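Welcome! Let us take a walk through a structure together, with the sequence and the 3D view side by side.

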Amino acid sequence: MNDVLIRRMTAEDAEAVWRIETATFPTPWSLRDFEHEMNDNPCARYLVAEKDGQIIGFAGIHIILDEGHITNIAVTREERGQGIGRALTAALMQYAANLGVQYVTLEVRENNEPAKNLYRSLGFLKVGVRKKYYENQTDAFIMVTDKMPPPDPDFTEAETVFEEDQNNI
Ligand SMILES: CC(C)(COP(=O)(O)OP(=O)(O)OC[C@H]1O[C@@H](n2cnc3c(N)ncnc32)[C@H](O)[C@@H]1OP(=O)(O)O)[C@@H](O)C(=O)NCCC(=O)NCCS
């Protein structure tokens with residue numbers, strides 16, 4: 001983990017992130033989806049884990065007022081089991097807390113033990129089930145936590161995106 005950098009994702013990272021996504025999930029998001037997240041979605045915040053200049057994991061959240069919804073988290077198969085998923089998720093929670101998020105929700109496959117363990121260890125509780133939510137009819141557990149880390153008082157975002165669009169609303 002010492003040689004892993006966790007940083008904000010940029011549009012230039014979209015292809016590398018999409019490659020991990022397609023290698024991980026049966027119905028992956030498209031490259032266009034990730035480009036949209038980076039360029040057009042003011043609610044989206046994503047982090048990547050980088051090692052030796054390569055993207056080896058990513059995690060994303062949509063933020064609406066005080067609610068955060070985790071969209072996707074994945075680590076390349078070769079790099080799993082070394083604390084990278086936990087570090088990404090914890091960093092995402094801190095980022096969200098810094099932006100005023102009070103609670104975070106997510107969906108996880110009911111049989112995804114690694115992910116459920118990770119989320120439980122970060123304070124998430126199962127609060128419901130979406131029946132046959134996934135493509136293969138697997139149920140999704142809805143999980144939520146309000147155990148947010150304290151916001152960093154010195155936090156500032158590197159850039160305030162989409163501010164110029166506010167006049168068009
Ligand atoms: C879920 C995922 C992101 C975890 O990433 P990771 O880097 O392997 O996880 P970490 O090494 O940081 O482990 C964090 C915790 O996850 C749980 N975990 C990780 N691998 C596990 C495994 N094989 N079996 C059971 N629990 C596991 C443990 O609670 C672990 O904490 P511990 O090490 O203190 O026991 C990774 O397995 C992955 O990319 N899976 C495929 C994509 C996915 O399922 N994403 C979640 C969609 S909701």
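What follows is a short tour of the pocket, the ligand and the residues around them.

Before setting off, keep in mind that this is a predicted model. A good place to begin is the largest pocket, since the ligand sits there. This pocket holds about 1,000 Å³ of space. Its lining is made up of 33 residues, and those nearest the centre are F25, I73, N112, A115 and Y119.

Now look at which parts of the chain build that lining. At least two residues each come from α1 (14–24), β4, α3, β5 and α4. Strand β4 gives the most, with seven residues. Sorted by class, the lining has 16 nonpolar residues, ten polar ones and seven charged ones.

Next, let us move in to the ligand itself. Around the ligand are 20 residues, and I73, G83, G85, R86 and N112 come nearest. You may recognise I73 and N112, which are also among the residues nearest the centre of the pocket. The shell around the ligand draws at least two residues from each of β4 (67–75), α3 (84–98), β5 (103–109) and α4 (113–121). In this shell, the largest share belongs to α4, with five residues. As for its classes, the shell counts ten nonpolar, seven polar and three charged residues.

Which atoms of V75, R80 and R86 lie close to oxygen atoms of the ligand? For R86, an N or O atom of the side chain is 2.7 Å from a ligand oxygen. R80 also brings in its side chain, with an N or O atom 3.3 Å from an oxygen atom of the ligand. V75 takes part through its backbone instead, where an N or O atom lies 2.9 Å from a ligand oxygen. On its own the ligand would expose 910 Å², and the protein buries 69% of that area.

How values were computed. Residues numbered from 1 in each chain as written. Predicted model: local features only at pLDDT ≥ 70, side-chain atom pairs only at ≥ 80, totals over all residues. Heavy atoms only, no water. Near = heavy atom within 4 Å. Polar contact = N/O pair within 3.5 Å; in protein donor to acceptor, adjacent residues only side chain to side chain. Areas by Shrake-Rupley, 256 points an atom, 1.4 Å probe, with all protein chains shown as cover. 1 Å grid on protein atoms, 1.4 Å probe; cavity = no way out; pocket = protein on both sides within 12 Å on 5 of 7 lines; lining within 4 Å. Sits in = over half its atoms within 2 Å of the grid points. Helix = DSSP H or I, 4+ residues; strand = E, 2+ residues; numbered from the N terminus. Nonpolar A, V, L, I, M, F, W, Y, C, P; charged D, E, K, R; others polar. Points joined across faces, edges and corners; volume = space filled by probe spheres on them.
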